[in-house]
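Visitor: Could you take me through one part of this structure up close? I'd like to hear what surrounds it, and then what else is worth a look.

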Amino acid sequence: MSSRHPLRPQVLAAWALVALLLAAIPTLQGIFDFPLYNLIFLYLVFFWVAQATSWNLFSGYSGYFSFGQGAFFGAGMYTTAILGARHGWSLLPTLPIAALVAGTIALATAFLVFRLRRLSGEIFALFTLVVALGIGALSNNWTAIDGGRGIPLGQLDYPDWLGSTTQMLYYVGLLIALVAVFIAYLIQHNRFGAGLFAIRDDEKVAEAIGVPTLRYKVGVFALNGVIAGISGGLHAQQVNFISPGSTFSLRVPVFVILMSVVGGRRHWFGPVLGAVLIYTVTDRMSGAGYAELSQIVLALVLITATLFLRGGISTRLLERPVPPVVALVAVTAISALLTDSTAITVFAYGLVAALVVLFLPARVVPGTGSGRRRRPPGGAAEPVLGRDEDADVAPQESGR
Amino acid sequence: MRVRSRWIALLAAMSLGVVACGGADTTEPDAAAPEDTAPDDGGDDAEGETGEDGEAAPEPSGDPIQIGGALALTGPFAPTAKIHEIVAEQFVEMLNEQGGLLGRPVEWTVLDDESQPEQSAALYERLITQDGVDLVMGPYGTGSITAAMAVAERYGYVFPHHTASLTYAYTYDKHFPTWFVGLNTHHTTPRKVFEAYESLGDDAPQTVAFVTNRFPGTDFLVYGVDGDQGALRGGGGALRVAEEMGLDVVLDLSFDIGTTDFSGIAQRVAEADADLLYVGALGEDGTNLLASLAQLGYTPRNHFYQWPAPGPMLAAGELAEGATSVTIFEPYEPYLSNEGAQELVDRYRAGAEEEGLSYTDPETQAGASWAAWQVLVAGVEGCQCLDHDEIADWLLNNPIDTVQGTFEYRADEQNYGDDIQTIKQIQDGGWYVVHPEDAASDGRSLQAGSGD
């Protein structure tokens, strides 16, 4: 195993450590009695991490812009709701079925659209939106799915050893998110990922050098559906009331795109960063009575990130990691000392401070020297088919 | 050294900026009371603080009782949720003027669920597990209420709610509905409507056309449920009830939530030309449909609307004359004799005018909302405690006087009581209760329409 192998022991140990630390949090909550909401908040972060990562696997890595996330997420939710509420299934067995249903929808869509070459660019994006809206309309009118009535879920059964409902959601949500992110990490660092990046850079060239583009696109689109579906299936228990109007709204597709674009689409860690940042800020602002303002703030962050952080937060973070991390830690600590706010709120202050530091030009941020540039995420570990881009050069969009 | 001092300066400036901009978390349990819910210190409103014997109500003291809830402050349900927000503000203000709850001041925290059930569930989790509120009040809208109720059940909180319509789904033993329609509302509500029209004798409708919004509540009321579910009667729904009562169903048409162009639907309604048009819809669907019908030159002979926006219906003028709906509260007798009704009317009108609402009379929405607060307060005052088991126990075993009348919750009916709805109709440009006879206002009765 080479020193740069993605599954080298140090890397695996780091993944295991993160997993163990996160898995220990419910136990620590029980011991130290910190607010239970912290677990719920973290579950919701895991949910968005899984959703954003699944979208990014396809759209971020391959460059095809999809609005189909709502269809996969909604299919997962409805699968769990129908099996659980109408047929008495316990929660966990519904999840692989939710993944299967959403994956099948994705697979069918992929076979259709990728065989028709005219469905590319904006047309592809519109087509995925139509698929999502079509499934929403179907569920709204077909009583076998919903028929417009909505499905109250109630409390589905699950194994007692998973603890309270909140703990169960936390553990299962964590597992789904970790697996999704680990898959994104592996794909980025293997031949499959290199092929997807090549498709993103120039599909015709990728084909010419032997990348099986159709197989890769269909495979990763199906994977997008599987992860979104299983995550949606679990989320049905959190929401408790599933109706077509809210399930198939544009909220989920728009949020995952926002999270991935702000976080960075060329790196497995980008959607994780984006999900943590955007969900935390949204949650704090909504909780403080600024739900509408939070949408405006997010729009501004998106515009600013698009203009000044090409490649997203993850790119800039890799270029100069110390200043934002120091800002995060320092502002969080100072806020905790000076204010009477909750842990999540002070963390949000720290995140905002780190974000500001990330946006600042290199010349005004102490400790960044002349702003040394590193290779971009997505191409950082391994050059993609011989290409090596500068981080501040906009990743080449193929217009798909 | 120079680098270090730049770092310190930068971090200090940033910290101060962030902390100053952010301020304290406004949802902390010990946060200061918002101005509009703080106990009044006298002035022009001193009258409200004075008891019947002329003595001032005691000033509430001690730690505030925190009551939390969410409402659709933004999103498609925001216009109607505004009514519930005004009621909550007015009720809490009144409560504090009258000595608070258990002698303690009351603080009301409302969060925005953006008209999304998913948000609603997360916000009630937050209110209960982070903010540690003592009590909760249900949100607005069937989806949001159903989602929030599951959270309340998870933590054993008493859950008063005012507008949820999926009666069959609410099996939580500590939920207390105040839209007092009975458990089998999919039978009793349409039966009441058709019985009212039956009272027209020779003018009674023989045919009916259904137009239904694909909204969970309206769907349930028109199409009922399949099979028995718990204490609920199976089947039902206005469609089947109409057939059972001998009406001929000549049209059954559904439309999606968010529909604003009713021209195609209006064409079908005009072609069906039923004696009675039954609109299973909510908000401004009714007025939009009426406008489209008017464009075709068609006026329905008799027309019923499940949950219309009352102001826009009145504003529609001649188009809406003769329209009927169900109600549980109107700002006149016999409702004004109910507990707290005059207080609701006076305070709501003031609040609605202040907010610039075009229709400032309280009716079903405001009545249900005020009653929910009355139920919550009755439970707490009844058991003299904030223990949710004891509050629920008290509410299940005592009659509760509200603006809608006296509630008696029955545990064997999933905490529903009798259906106390009445039928109202627009006559001479105003809403009047017309059925049943003993509830009718000013001796009014249902009027048959002539239509085209």
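Guide: Sure, let's go to helix α7 of chain A, where A:G193, A:A194, A:G195, A:L196, A:F197, A:A198, A:I199, A:R200 and A:D201 are buried. Keep in mind that this is a predicted model. The helix covers residues 191-201, and nine of its eleven residues are buried, so the rest of the structure largely encloses it. Who does the covering? Among the elements over those buried residues are α2 (37-62), α6 (165-188), α8 (203-208) and α9 (213-239), which belong to chain A. Now check the N-terminal end of α7(A), which is capped by A:N190: one of its side-chain oxygens sits 2.9 Å from the backbone nitrogen of A:F192.

While we're at it, have a look at the empty spaces inside. There are twelve cavities of 30 Å³ or more, and the largest holds about 90 Å³. Its lining draws on both chains: A:Y37, A:R251, A:Y279, A:T282, A:D283 and A:S286 on one side of the list, B:Q119, B:A122 and B:L123 on the other. Two elements, α12 (270-287) of chain A and α3 (117-129) of chain B, each give two or more residues to that lining, with α12(A) giving the most, four. Sorted by class, the lining has four nonpolar, three polar and two charged residues.

As for chain B as a whole, you'll find 13 helices and 14 strands there, and 60% of its 452 residues are buried. Chain B exposes about 17,100 Å², with 46% of that coming from carbon and sulfur atoms.

Conventions:
Residues are numbered from 1 along each chain as its sequence is written. Chains are lettered from A and ligands numbered from 1 in the order in which they are written. This is a predicted model: local features need pLDDT of at least 70, side-chain atom pairs count only at pLDDT 80 or more; totals for chains, interfaces and linings use all residues. Side-chain values use heavy atoms; hydrogens and water are left out. Buried means under 20% relative accessible area, exposed over 50%, partly exposed in between (1.4 Å probe, protein chains only). Contact means heavy atoms within 4.5 Å. A polar contact is a pair of N or O atoms within 3.5 Å; within protein, one must be able to donate a hydrogen and the other to accept it, and residues adjacent in sequence count only if both atoms are side-chain atoms. Accessible areas come from the Shrake-Rupley method with a 1.4 Å probe; for residues, only the protein chains shown count as cover. On a 1 Å grid over the protein atoms alone, a cavity is a set of points where a 1.4 Å probe fits but cannot get out, and a pocket is an open set with protein on both sides within 12 Å along at least five of seven lines; lining residues have an atom within 4 Å of a point. Grid points are joined across faces, edges and corners, and a volume is the space filled by probe spheres set on the points. Ala, Val, Leu, Ile, Met, Phe, Trp, Tyr, Cys and Pro count as nonpolar, Asp, Glu, Lys and Arg as charged, and the others, Gly among them, as polar.
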